[in-house]
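Q: I should like to learn how to read the features of a protein model one at a time. Could we work through an example together?

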Amino acid sequence: MFASLPPLALDTPSLRRAIKKLGEKGDIMDASDDLTAHPRDLITNPTLSAKNPDNIDMTAGMTFLGQFLDHDMTLDITSSLEKQVDPEMIENFRIPSFALDSLYGSGPKGSPHIYDQTVEERQTTLLIEPNPSSEKQMENEEKQPENKVGEMHKRREPMADGRRYIIYYTFGDEKIESQKEVSENV
Amino acid sequence: MSELRWNPLLGEWTVTATHRQDRTFFPPPGYCPLCPTELGGFPTEVPEPTYDIVVFENKFPSFQPNPPTLAIEGSELYPVRPAQGVCEVVVYTPEHNSSLAQQPASQIYKLMQVWQDRFNDLNNHDFVKYVFIFENKGEAVGVTLPHPHGQIYAYPFVPPRLAQKAKQCREHKEKTGVNLIANILEDERKDGRRIVAENESFTALVPFSARYPYELHIYPNAHAEGLTDFSSKQLRDLAAIFKQVLTAFDKLFTISFPYIMVMNNRPSDGANYDFFDFHVEFYPPMRTAMKLKFLAGSEAGAGMFINDTLPEEKAAELRSHIEAVIW
């Protein structure tokens with residue numbers, strides 16, 4: 001998706017310091033897990049990951065960092081037999097560069113399911129939701145009464161061409177009177 | 001022109017629908033006929049600024065309640081009859097850039113209720129002998145309008161594939177005393193390898209003799225001949241398992257997965273169908289992330305499908321992408 005995008009910044013000592021700071025204890029990537037506990041317990045005991053409700057079965061960053069390094073930064077599936085082929089000319093060809101597909105997938109067209117369909121025709125904003133098993137998810141579900149489907153109503157009208165019909169189906173509290181169809185009219 | 005012409009070699013009807021050659025073909029952005037009509041904007045098929053789910057008669061129908069005059073006279077060898085029926089379009093959502101898989105389970109549950117209502121209405125027409133609910137999704141299966149939608153054809157006869165299934169189901173019941181799909185489910189549960197997802201009311205599986213690599217069927221856990229036999233709870237469970245399998249499809253190759261979805265309800269010809277069970281079938285054309293399965297010589301010419309994969313392995317693949325449903 002970003003194969004020809006120039007780097008945001010060049011490799012400088014200050015940039016390296018800033019990136020290292022992201023991973024420092026107490027900084028934004030620190031989920032404050034109890035690191036004095038056994039690594040196994042950090043995975044199996046959810047109480048040790050109290051600030052990590054979306055992923056209680058794994059300690060913060062554990063899998064994500066490994067996948068990020070392997071899948072996006074260092075993976076190079078270009079074999080020596082294929083070195084003569086320009087990877088830019090072949091669809092889906094991996095190159096050893098930071099393609100950001102671990103975050104953006106294949107973009108709004110290639111991976112439409114990870115983009116928020118309610119924002120700008122699903123072109124710009126990632127769809128973010130809590131892990132289905134997390135407490136946060138359950139809290140959110142309780143806050144979403146719109147997902148409760150109400151009674152179905154239907155309204156049937158002739159279409160503009162006068163020869164066809166259209167039926168609007170609505171659900172919930174909408175004040176549209178239900179009209180039972182006379183099937184002979186179809 | 002639209003009429004039914006008899007194929008004496010196969011013993012089947014073919015419908016001619018020459019007006020469909022002019023149907024809308026990938027309209028430019030802003031001119032989708034299935035989107036809501038915006039104030040002062042392009043008038044679409046739906047003259048409302050928004051909607052929940054909408055159904056209308058197809059502008060380019062293969063079957064019509066008042067079919068046109070026959071274009072050609074029939075003969076003893078070549079019977080011809082009017083293409084009387086109904087063709088409806090079911091628009092799942094006002095969101096143009098979406099899919100059924102991307103809809104929340106609650107919206108799919110609404111759609112189940114709409115489908116149930118449409119089956120009930122169309123089933124009551126004297127001239128309708130079979131109500132066929134289906135969805136073609138993706139360019140790979142010939143879709144010309146990407147807006148999420150499905151179709152319903154109300155046929156004036158029981159189509160051959162359904163007639164064949166009904167025959168098999170009836171003979172099995174006469175022979176064993178057990179409904180065929182109940183028997184299949186019992187065996188599949190004992191084996192377990194081809195089951196993809198299940199809930200209280202439905203089971204999704206890759207069939208033992210799948211024709212397509214990712215073919216998937218959904219069977220009711222208890223006897224039901226058609227959509228109208230289901231309670232609200234069962235429709236909700238059907239919506240839930242739809243959401244699960246459609247999401248799993250999309251996750252397989254991280255693409256919006258193309259498929260043909262067909263619902264198999266009992267025929268509407270008034271006969272007894274207590275040996276028949278409702279079921280849903282998905283026929284995805286993908287055999288790998290980059291390759292399509294085409295219906296070539298053996299499939300199109302001999303009716304003999306060749307599946308390049310093992311259903312047990314494909315079921316395991318799909319099963320690994322099944323997630324809990326969020327309502």
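The dialogue below takes up chain A, the contact between the chains, and then the strands and helices of chain B.

Q: What kind of model is this?
A: It is a predicted model.

Q: How many helices and strands does chain A have, and in what order do they run from the N terminus?
A: One begins by listing the elements of a chain. Chain A has six helices and two strands. Read from the N terminus, the order is α-α-α-α-α-α-β-β.

Q: What percentage of chain A is buried, and what share of its contacts joins residues 24 or more positions apart?
A: Burial is read from the number of neighbours around each residue: a residue with 20 or more other C-beta atoms within 10 Å counts as buried. Of the 186 residues in chain A, 8% are buried. Among the contacts of chain A with a separation of 6 or more, 31% are between residues 24 or more positions apart.

Q: How many residues does each chain bring to the contact?
A: An interface may be read by counting the residues on each side. Chain B contributes 33 residues and chain A contributes 27 residues. On the side of chain B that touches chain A, strand S3 (53-57) and helix H1 (105-123) of chain B each supply at least two residues. The largest share of that side, seven residues, is from H1(B). Sorted by class, the side of chain B that touches chain A comprises 15 nonpolar, nine polar and nine charged residues.

Q: How many bridges join S2 of chain A to S3(B), and in which sense do these strands run, parallel or antiparallel?
A: Strand pairing is read from the bridges and from the direction of the two strands. Strand S2 (residues 165-171) of chain A is joined to S3(B) by four bridges, and the two run antiparallel. One pair to locate in the structure is A:Tyr169 with its bridge partner B:Ile53 in S3(B).

Q: In what order do the three strands of the open sheet in chain B lie?
A: In a regular strand the side chains alternate between the two faces of the sheet. Here the order is S2-S1-S4 in chain B, the sheet is open and the pairing is antiparallel. Strand S2 (12-17) and strand S4 (80-82) of chain B are the edge strands, each pairing on one side only. On average, neighbouring strands of this sheet are turned by 30 degrees against each other, direction ignored. Strand S1 (residues 2-7) of chain B is joined to S2(B) by six bridges in the antiparallel sense. Within that pairing, B:Glu3 has B:Thr16 of S2(B) as its bridge partner.

Q: Why is strand S6 of chain B described as largely enclosed?
A: The reasoning rests on burial. Seven of the eight residues of S6(B) (residues 130-137) are buried, so this strand is largely enclosed by the rest of the structure. Its pairings can be read next. Five bridges link S6(B) to strand S7 (residues 149-155) of chain B, and these strands run antiparallel; B:Val131 stands opposite B:Ala154 in S7(B). S6(B) also pairs with strand S11 (residues 259-264) of chain B over five bridges, in the antiparallel sense, and B:Phe134 stands opposite B:Val262 in S11(B).

Q: At what angle do H1(B) and H4(B) pack, and how far apart are their axes?
A: Helix packing is read from the angle and the separation of the axes. H1(B) and helix H4 (residues 232-252) of chain B pack at about 125 degrees with their axes 8 Å apart. The two helices are therefore oblique to each other, and their crossing is right-handed. The residues that meet include B:Ala105 and B:Tyr109 in H1(B), and B:Leu238 and B:Phe242 in H4(B). By class, this contact has nine nonpolar, two polar and two charged residues.

Q: Is B:Val325 buried or exposed, and which residues does it touch?
A: B:Val325 lies in the segment after H6 of chain B. B:Val325 is buried, with 20 other C-beta atoms within 10 Å. Leaving aside residues up to four places away in sequence, B:Val325 touches B:Ala105, B:Ala240, B:Lys243 and B:Gln244. B:Ile322 also lies in the segment after helix H6 (311-319) of chain B, but B:Ile322 is partly exposed, with 17 other C-beta atoms within 10 Å.

Technical notes. Residues are numbered from 1 along each chain as its sequence is written. Chains are lettered from A and ligands numbered from 1 in the order in which they are written. This is a predicted model: local features need pLDDT of at least 70, side-chain atom pairs count only at pLDDT 80 or more; totals for chains, interfaces and linings use all residues. Two residues are in contact if their C-beta atoms, placed from the backbone, lie within 7 Å. Ala, Val, Leu, Ile, Met, Phe, Trp, Tyr, Cys and Pro count as nonpolar, Asp, Glu, Lys and Arg as charged, and the others, Gly among them, as polar. Two strands pair if DSSP finds at least two bridges between them. Axes are lines fitted to C-alpha atoms, for helices over the stretch in contact, and angles run from 0 to 180 degrees between N-to-C directions. A residue is buried if 20 or more other C-beta atoms lie within 10 Å of its own, exposed if 12 or fewer, and partly exposed in between; C-beta atoms are placed from the backbone. Angles under 35 degrees count as roughly parallel, over 145 as roughly antiparallel, 65 to 115 as roughly perpendicular and the rest as oblique. A crossing is left-handed if the near helix is turned anticlockwise from the far one by less than a right angle, and right-handed if clockwise.
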